[in-house]
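Work through the exercises below with the sequence and the structure open. Try each task before reading its solution.

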Amino acid sequence: MSQDSSEISYVWLNGKMLRYGEAKVSVLTHTLHYGTGAFEGIRAYQTTDGRTAIFRATEHYKRLYDSCKALALELDPSIDWIAASKEIIQKNGFKECYLRPLAYVGDQLRGLKMPAGTKAEVALIAWPWGKYMGDEGASKGIRVGVSSYRRPDVSTGLPWAKLTGGYLNSALARRQASLNGLDEAILLDMQGYVAEGSGENIFMVKNGVLYTPPQGAILPGITRDSVMQLARAMKIQVVEQAITRNQLYLADELFFTGTAVEVCPIREVDGHSIGTGRPGEITKMITDQFFKAVRGENAAFSQWLTYV
Ligand SMILES: Cc1ncc(COP(=O)(O)O)c(C=O)c1O
């Protein structure tokens, strides 16, 4: 199923606002061949007062710079990403959208060698994006399976950086899940503990306590951080600790978090029904608090919003 790009009127490419059809890159783009790019995924939401706010923009753009630094890709520090984000949202006339900043290596290099000082080219694209797992998945929960693909660990890659090349592994795991009739994959780390989904962090509820895998093989998600802060504000105990597949099967509740997926309940893992088979109470409370925060209804977390 191909996706419709007709809703995207303008794209920001290397500092210029261009018509979608005019924003083109060379077939020799290094990142296209070798995965040598860094990117972000950010959402902007319509707030209850009718404005539009970008969720945790500062943290996302900080991670973009960190990812580029880890890749030794020079990303111009003078780019005003927040201003560009506001502009692209306004130019396209979006009230809510997903933002995709991308830092990539253009066509100046052939072969794998990336000399010191390799400069990033930049793009910023925005598009409307509904529920990543569909409306039914988001409300009733999704069916997932533990993948035979593993999440690369700190010795085999740069798992804390959001690098384009790293997503081949995620795409393979996601494809395998789809072929098995499932909505999403859970990837174990190299030691066999639960790491995360193909593009999401994972949380488990057991006896009223919220557990999530520690920083290690996972991408340290910004939604993960938001959910941990919201849970602590609700006096829910949050524990970062290694989780086994066995614990997943016995969990009271499971859910994914991520910019694309937001907070999404998991109702089945490898054919095991989780808890009651329906989104649990803590999942529902956290989902509710998350959407209050993104819509500007939670004053305690208003610093997470950058109004357009
Ligand atoms: C592999 C992976 N893990 C976790 C996440 C969740 O991160 P965030 O909440 O910052 O979007 C993402 C999405 O960016 C991801 O691609």
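**Exercise 1.** Which residues does Glu-262 touch, not counting residues up to four places away in sequence, and is Glu-262 buried or exposed?

Solution. This is a predicted model, in which local features need pLDDT of at least 70, side-chain atom pairs count only at pLDDT 80 or more, and totals for chains, interfaces and linings use all residues. Residues are numbered from 1 along each chain as its sequence is written, and side-chain values use heavy atoms, with hydrogens and water left out.

Step 1. Find Glu-262 in strand 15, residues 262–269. Strands (E, at least two residues) and helices (H or I, at least four) are DSSP runs, numbered from the N terminus.

Step 2. List the contacts, where contact means heavy atoms within 4.5 Å. Glu-262 touches Arg-43, Tyr-45, Lys-131, Thr-223, Phe-256, Thr-257, Phe-290 and Phe-291, with residues up to four places away in sequence not counted.

Step 3. Apply the accessibility classes: buried is under 20% relative accessible area, exposed is over 50%, and partly exposed is in between (1.4 Å probe, protein chains only). Glu-262 is buried because its relative accessible area is 3%.

**Exercise 2.** Describe the surroundings of the ligand, beginning with this: which of the 16 residues around the ligand come nearest?

Solution. Step 1. A residue is near a molecule if one of its heavy atoms lies within 4 Å of it. Lys-162, Tyr-167, Ile-222, Thr-223 and Thr-259 come nearest among the 16 residues around the ligand.

Step 2. Look at the elements. At least two residues of the shell around the ligand come from helix 2 (57–70), and at least two from helix 6 (222–233).

Step 3. Check the oxygen atoms of the ligand. One is 2.6 Å from a polar side-chain atom of Thr-223. For Thr-259, an N or O atom in the side chain is 2.6 Å from an oxygen atom of the ligand. For Arg-63, the corresponding distance is 2.9 Å.

Step 4. Consider the cover. On its own the ligand has 380 Å² of accessible area, and the protein covers 97% of this. Such areas come from the Shrake-Rupley method with a 1.4 Å probe.

**Exercise 3.** Where is Gln-191 found, and which residues is it in contact with, leaving aside its neighbours within four places in sequence?

Solution. Step 1. Gln-191 is in the loop between strand 9 (184–188) and strand 10 (194–197). Gln-191 counts as exposed because its relative accessibility is 56%.

Step 2. Beyond its neighbours within four places in sequence, Gln-191 is in contact with Arg-150 and Asp-153.

Step 3. Compare sequence and space. Gln-191 and Arg-150 are 41 residues apart along the chain, and their C-alpha atoms are separated by 9.3 Å.

**Exercise 4.** Asn-207 and Asp-270 are not glycines; what is the phi of Asn-207, and what is that of Asp-270?

Solution. Step 1. Asn-207 has a positive phi of about 50°. Asn-207 lies in the loop between strand 11 (201–206) and strand 12 (209–212).

Step 2. Asp-270 also has a positive phi of about 50°. Its place is the loop between strand 15 and strand 16 (272–273).

Step 3. Assign the classes. With a relative accessible area of 65%, Asn-207 is exposed. At 32% relative accessibility, Asp-270 counts as partly exposed.

Conventions:
A polar contact is a pair of N or O atoms within 3.5 Å; within protein, one must be able to donate a hydrogen and the other to accept it, and residues adjacent in sequence count only if both atoms are side-chain atoms.
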